[in-house]
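Me: I'm new to looking at protein models, and I'd like to learn how to read one. Could you walk me through this one?

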Amino acid sequence: MKKFAIILYTAVTLALLAWGFYQAWYVAPADAMQGEIYRVIFYHVPSASVAFLFFAISLLGSIGFLAYRRSHPDWAQRSDAWALAGAEVGVVFCTVVLLTGPIWGRRAWGIWWTWDARLTTTLVLWLIYVSYLLLRRFVAGPQMQTLAAVLGIFGALDVPIVYMSNRWWRTQHPAPVFGGDSSAGMAPAMVTALMWNMLAWLAWGILILGIRYRVERQHQKIAEREAQAALIA
Amino acid sequence: MDARAILDHEFLVAAYVITWAVQLGYLAWLGLKWRAQKRDEARNLRGGR
């Protein structure tokens, strides 16, 4: 039953991605100012949204680990696995944002990169979570998970700064399309295509997140068995 | 199609290809990691017997 549900979910996700692609490339009209290049939005913005969501999951996992590490060790390990999965998959989506943004910027602004508030805070966010992953990879010992959880919590503080950066400061990056001032907004056909792509990339992200969580839980169980075997020996 | 539209299209394709390369590359790395862990687990279980 579980296997069937996973296969069904994967099939629905792939169908959503195909439908999102069709909407983005063939249904949404060209932008009056930017022409065709604006269609990068259908990958760039959903990737940013999913990255923010997964960094939030990493934050909750980190808090959960710190809260349960003494009282409920199994819950703490599960929380830590969510924290790692959220951070790692979040970095993947944030990487997509940082790679597709300059491609779009080169055509729309004539430059690949500028040190404006939105771009810089996003790069800092990516660097924080890359350092989180490097910490987990190279620091050994029982304190590693605790250190990672603390870094994960501090890293998440940058997410609202990234989100608010083009509201707080004048930036090269465009002002918010949704939730911005009265002049902001998109044509309804563009909004529909964007929402389909949001849904498709969220579904894909959840699939990858679930796989990463399973891999980490398996890793934790192997490590636990090895530790017990070492104690017996 | 004018030169600007052709260049826009090439950049758009590049953005989509990069997106999928990152996502599928990560998925492949996860698959390899999963397989290596399964192999380690099987070896440990054999060694434990």
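**Reading the model step by step**

Reply: Let's start with confidence, as this is a predicted model. Chain B has an average pLDDT of 89, with 92% of its residues scoring at least 70. For chain A the mean is 91, and 96% of the residues reach 70 or more.

Me: Where in chain A is confidence lowest, and where is it highest?

Reply: You compare the means of the helices. Helix 6 of chain A is at the bottom with a mean of 90, while helix 2 of chain A is at the top with 96. For the model as a whole, you'd quote ipTM 0.90 and pTM 0.92.

Me: Now the two chains together. How many residues does each chain put into the contact?

Reply: You count residues on each side: 25 from chain A and 22 from chain B. Then ask where they sit. On the side of chain A that touches chain B, helix 3 (73–108) and helix 7 (188–232) of chain A are the elements giving two or more residues. Helix 7 of chain A provides the largest share, ten residues. Sorted by class, that side of chain A has 13 nonpolar, five polar and seven charged residues.

Me: What about two helices packed in one chain? How do the axes of helix 3 and helix 4 of chain A cross?

Reply: Look at distance, angle and handedness. The axes of helix 3 and helix 4 (residues 117–138) of chain A come within 9 Å, crossing at roughly 145 degrees, and this crossing is left-handed. Among the residues making the contact are L84(A), V91(A) and C94(A) of helix 3 of chain A, and L119(A), W126(A) and Y129(A) of helix 4 of chain A. By class, the residues of this contact come to 14 nonpolar, four polar and two charged.

Me: And which residues have the most contacts inside the largest nonpolar core?

Reply: Here's the general idea: in soluble globular proteins, nonpolar side chains tend to be buried together. In this model, the largest nonpolar core has 54 residues, and V40(A), A51(A), F54(A), F55(A), F93(A), C94(A) and Y129(A) have the most contacts inside it. Several helices each supply at least two residues of this core, including helix 2 (41–68) of chain A and helix 1 (3–48) of chain B. The largest share, 16 residues, comes from helix 3 of chain A.

Me: Let me try one residue, then. What does V40(A) touch, leaving out residues up to four places away in sequence?

Reply: Good one to pick! V40(A) touches T100(A), I103(A) and W104(A), along with L12(B) and A15(B).

Technical notes
Residues numbered from 1 in each chain as written. Chains lettered and ligands numbered in written order. Predicted model: local features only at pLDDT ≥ 70, side-chain atom pairs only at ≥ 80, totals over all residues. Contact = placed C-beta atoms within 7 Å. Helix = DSSP H or I, 4+ residues; strand = E, 2+ residues; numbered from the N terminus. Nonpolar A, V, L, I, M, F, W, Y, C, P; charged D, E, K, R; others polar. Axes fitted to C-alpha atoms, helices over the stretch in contact; angles between N-to-C directions. Left-handed = near helix turned anticlockwise from the far one by under 90°. Core = buried A, V, L, I, M, F, W, Y, C linked by C-beta atoms within 7 Å. Buried ≥ 20, exposed ≤ 12 C-beta atoms within 10 Å, placed from the backbone. pLDDT = per-residue confidence, 0-100.
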